[in-house]
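Colleague: I'd like a close look at one part of this one, the run of strands and the turns between them. Could you walk me through how the strands pair up, and then set that against the chain as a whole?

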Amino acid sequence: MNGYIHEKVPAPLRTMVKLTYEMNDNELILTEERPAEERYQWDKMHIARFYWEENQWKVYARDEQSSWNPVDVITPCSDFENVLEQVERDEAGLFWRT
């Protein structure tokens, strides 16, 4: 994940946006952070949730009510890089909202 994050956000933009992730047990949550109105604070927006279950990664996206929903267009897979690449491409427009 660290390599992906390093490549995703170019160095000149890292004071304006950063990607982070949290790992807990069987899940990884990818988050985008931007400077908050309060000095030295960052606002977080969850991008995607990756959940390891039954020997495969399942991908979830947040809806308008901030609930996690399974992403049906991404087939669960044992290869994390495969599902991460599909989130990156975001062909359904579920993750990288503007």
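Modeller: Sure. A word on terms before the pattern: helices here are DSSP runs of H or I with at least four residues, strands are runs of E with at least two, and both are numbered from the N terminus. Keep in mind that this is a predicted model. Read along the sequence, the protein chain goes α-β-β-β-β-β-α, that is, two helices and five strands.

Now the strands you asked about. Start with E1, residues 18-24, which pairs with E2 in the antiparallel sense over seven bridges. To pick out one rung, Leu19 has Glu32 in E2 as its bridge partner. The hairpin of E1 and E2 has two residues between the strands, and Asp25 takes a positive phi there, near 50°.

Next along is the pairing of E2 (residues 27-35) with E3 (residues 42-53), which is antiparallel again and joined by nine bridges. Here Glu27 finds its bridge partner in Tyr51 of E3. The connection in this hairpin has six residues between the strands, with Tyr40 at a positive phi near 65°.

E3 also pairs with E4, residues 56-62, in the antiparallel sense, this time over five bridges. Tyr51 turns up again: its bridge partner in E4 is Lys58. So you can follow a line across the strands, because Tyr51 in E3 is the bridge partner of Glu27 and Lys58 in E4 is the bridge partner of Tyr51. The hairpin of E3 and E4 has two residues between the strands, and Glu54 sits at a positive phi near 55°. As a general point when you look at the side chains, those in a regular strand alternate between the two faces of the sheet.

Now the whole chain. A compact globule of 98 residues would have a radius of gyration near 13 Å, and the protein chain, at 14 Å, agrees with that. Its C-alpha atoms fill a box of roughly 45 × 30 × 30 Å along the principal axes. Of the 98 residues, 31% are buried. Among contacts between residues at least 6 apart in sequence, 28% join residues at least 24 apart.

As for the surface, the protein chain exposes about 6800 Å², with carbon and sulfur atoms supplying 45% of it. On charges, there are 11 positive and 20 negative ones, and their mean positions lie 5 Å apart.

Note on methods
Residues are numbered from 1 along each chain as its sequence is written. This is a predicted model: local features need pLDDT of at least 70, side-chain atom pairs count only at pLDDT 80 or more; totals for chains, interfaces and linings use all residues. Side-chain values use heavy atoms; hydrogens and water are left out. Two strands pair if DSSP finds at least two bridges between them. The radius of gyration is taken over C-alpha atoms; the globule rule is 2.2 Å times the number of residues to the power 0.38. Buried means under 20% relative accessible area, exposed over 50%, partly exposed in between (1.4 Å probe, protein chains only). Contact means heavy atoms within 4.5 Å. Accessible areas come from the Shrake-Rupley method with a 1.4 Å probe; for residues, only the protein chains shown count as cover. Lys and Arg count as positive and Asp and Glu as negative; His and the chain ends are not counted. The place of a charge is taken as NZ of Lys, CZ of Arg, CG of Asp or CD of Glu.
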